Amino acid sequence: MKAIQKSFLAATGAVLALTLAACGGGGGSESSGGGAAKNGAKADTRDPYAVLKAAKAKVAKQNSYKTKRLAKDSEGHERVEYAFSREPDLTDKKSWDYPREPKKNGLDNYDQMVGTEDALFTRNAGLADGRWLRTDVKDKAAEKEATRKGEIQKRAEGELPNWLGVLGASKGVTKVGEEKVGGKPAAHFKGTVVLDELEKYKGDAMRDWLRESFVKERRKRGHDKVDVDVWIGRDDLPLKAQESGKDSKGPRDTTEEYTDYGVDPKIQVPALKDSITLDQFAQESYDKGPSSGGAKG
């Protein structure tokens, strides 16, 4: 039984991370100001912090968007595709893991998680014969209240709320210039987030618990500072963001691209008949005998 639970937890270790993570900001959007650009469009003369604040507010109001994420470090790289909607409450995460050394447990490198307000569904080709494993939400009322208060946020929003917050809380953020992302014009902003300074920050760019979480996670990786870049479109919606840092094992870079703001992501929720709970999976494996754990390897 313990072996079964270990396999299940390995495949669903990001369950809480999918739904409980960073918190985005609130407030209204600010309009661009200034003279005219070369192409006739109105030039944005706001300082970087005003643009970041406007972007943070605009992102927090979006009912949905999609994220493509690529993370690289000394151990390999991972691709992730996130999609979510606030109403209805849905999340979807697809991930592909490419370690430098082949996995020894025989599990497939592709995982998918689909979350609703009632349950979280996960699947991996090497576990439970590729069926959906279901974890039911035990206290939906408490989670809804925490969401309403802004105390939790869908992990499927990616790192975007974090990065907008830490840049807004950091010194020396600059505008690099105007560039194109996916064929769309965007302003490129860059800053260095010094963890010692962020730890002492007491402003309103990000909530204390989110700031503390960001610092703790980076310190665990061995960082004392990270560089963050964001590319923000003319409508104050970010199109791309990146975090770069270096630890004792080498560089670590994470890049995310954002699309489909406000568009229905059309997340497909697995049917209950196509899923199995941990208890059911454990009982099924037990009935089959000690030679069957439901997982490869």
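Let us start in a loop: Asp-236 is found between strand S9 and strand S10 (238–247). This residue deserves a second look, since Asp-236 has a positive phi of about 70° although it is not a glycine. Most residues other than glycine have a negative phi. Is Asp-236 buried or exposed? Its relative accessibility is 4%, so Asp-236 counts as buried. Keep in mind as you explore that this is a predicted model.

Now step back and take in the whole chain. The secondary structure comes to eight helices and 12 strands. Of the 297 residues of the protein chain, 43% count as buried. You can also ask how far along the sequence the partners in a contact lie. Among contacts with a separation of 6 or more, 57% are between residues 24 or more positions apart.

The strands are a good place to go next. In what order do the 12 strands of the open sheet stand? Reading across, the order is S7-S8-S9-S10-S11-S1-S2-S3-S4-S5-S6-S12, and the pairing is mixed. Strand S7 (174–181) and strand S12 (275–277) stand at the edges with a single partner strand each, so one side of each has no neighbour in the sheet. On average, neighbouring strands of this sheet are turned by 20° against each other, if direction is ignored. A helix joins the picture here: helix H8 (residues 278–288) packs on the sheet and touches strand S6 (132–136) and S12. The direction of H8 makes about 85° with that of S12.

Let us walk inward from the S7 edge. S7 and S8 run antiparallel and are joined by seven bridges. One of the residues to find is Val-181, whose bridge partner in S8 is Lys-184. S7 and S8 form a hairpin with two residues between them. In the turn sits Gly-182, with a positive phi of about 60°. One strand further on, nine bridges join strand S8 (residues 184–194) to strand S9 (residues 225–233), and these two strands also run antiparallel. Here Val-194 stands opposite Lys-225 in S9.

Next, look at a pair of helices. Two packed helices are described by the angle between their axes and the distance between the axes. For helix H5 (residues 160–168) and helix H7 (residues 208–221), the axes come within 11 Å and cross at roughly 100°. H5 and H7 are therefore roughly perpendicular to each other. Which residues make the contact? From H5 come Asn-162, Trp-163 and Val-166, while H7 brings Leu-210, Phe-214 and Arg-218. These contact residues of H5 and H7 divide into four nonpolar, one polar and one charged.

Phe-214 leads us on to the interior. In soluble globular proteins, nonpolar side chains tend to be buried together. The largest nonpolar core in this model has 35 residues, of which Leu-198, Phe-214, Val-228 and Val-230 touch the most other members. Several elements give two or more residues to this core: helix H3 (48–60), strand S2 (76–85), H5, S8, helix H6 (195–199), H7 and S9. The largest share, five residues, comes from H5. Leaving aside residues up to four places away in sequence, Phe-214 touches Asn-162, Trp-163, Val-166, Val-193, Leu-195, Leu-198, Val-226 and Glu-243. Apart from the largest core lies another core, of seven residues, among them Ala-83, Val-114, Phe-121 and Trp-132.

We finish with a few more loops. Asp-204 is found in the loop between H6 and H7, and at 72% relative accessibility Asp-204 counts as exposed. Asp-204 and Gly-165 are 39 residues apart along the chain, and their C-alpha atoms are separated by 9.0 Å. Lys-266 lies in the loop between strand S11 (250–259) and S12. Like Asp-236, Lys-266 is not a glycine and has a positive phi, here about 55°. With a relative accessibility of 60%, Lys-266 counts as exposed, whereas Asp-236 counts as buried.

One last stop is Pro-88, in the loop between S2 and strand S3 (90–99). Most peptide bonds are trans. The peptide bond from Glu-87 to Pro-88, however, is cis, with omega near 0°.

How values were computed
Residues are numbered from 1 along each chain as its sequence is written. This is a predicted model: local features need pLDDT of at least 70, side-chain atom pairs count only at pLDDT 80 or more; totals for chains, interfaces and linings use all residues. Side-chain values use heavy atoms; hydrogens and water are left out. Axes are lines fitted to C-alpha atoms, for helices over the stretch in contact, and angles run from 0 to 180 degrees between N-to-C directions. Helices (H or I, at least four residues) and strands (E, at least two) are DSSP runs, numbered from the N terminus. Angles under 35 degrees count as roughly parallel, over 145 as roughly antiparallel, 65 to 115 as roughly perpendicular and the rest as oblique. Contact means heavy atoms within 4.5 Å. Ala, Val, Leu, Ile, Met, Phe, Trp, Tyr, Cys and Pro count as nonpolar, Asp, Glu, Lys and Arg as charged, and the others, Gly among them, as polar. Two strands pair if DSSP finds at least two bridges between them. A nonpolar core is a set of buried Ala, Val, Leu, Ile, Met, Phe, Trp, Tyr and Cys residues joined through side-chain atoms within 4.5 Å. Buried means under 20% relative accessible area, exposed over 50%, partly exposed in between (1.4 Å probe, protein chains only).
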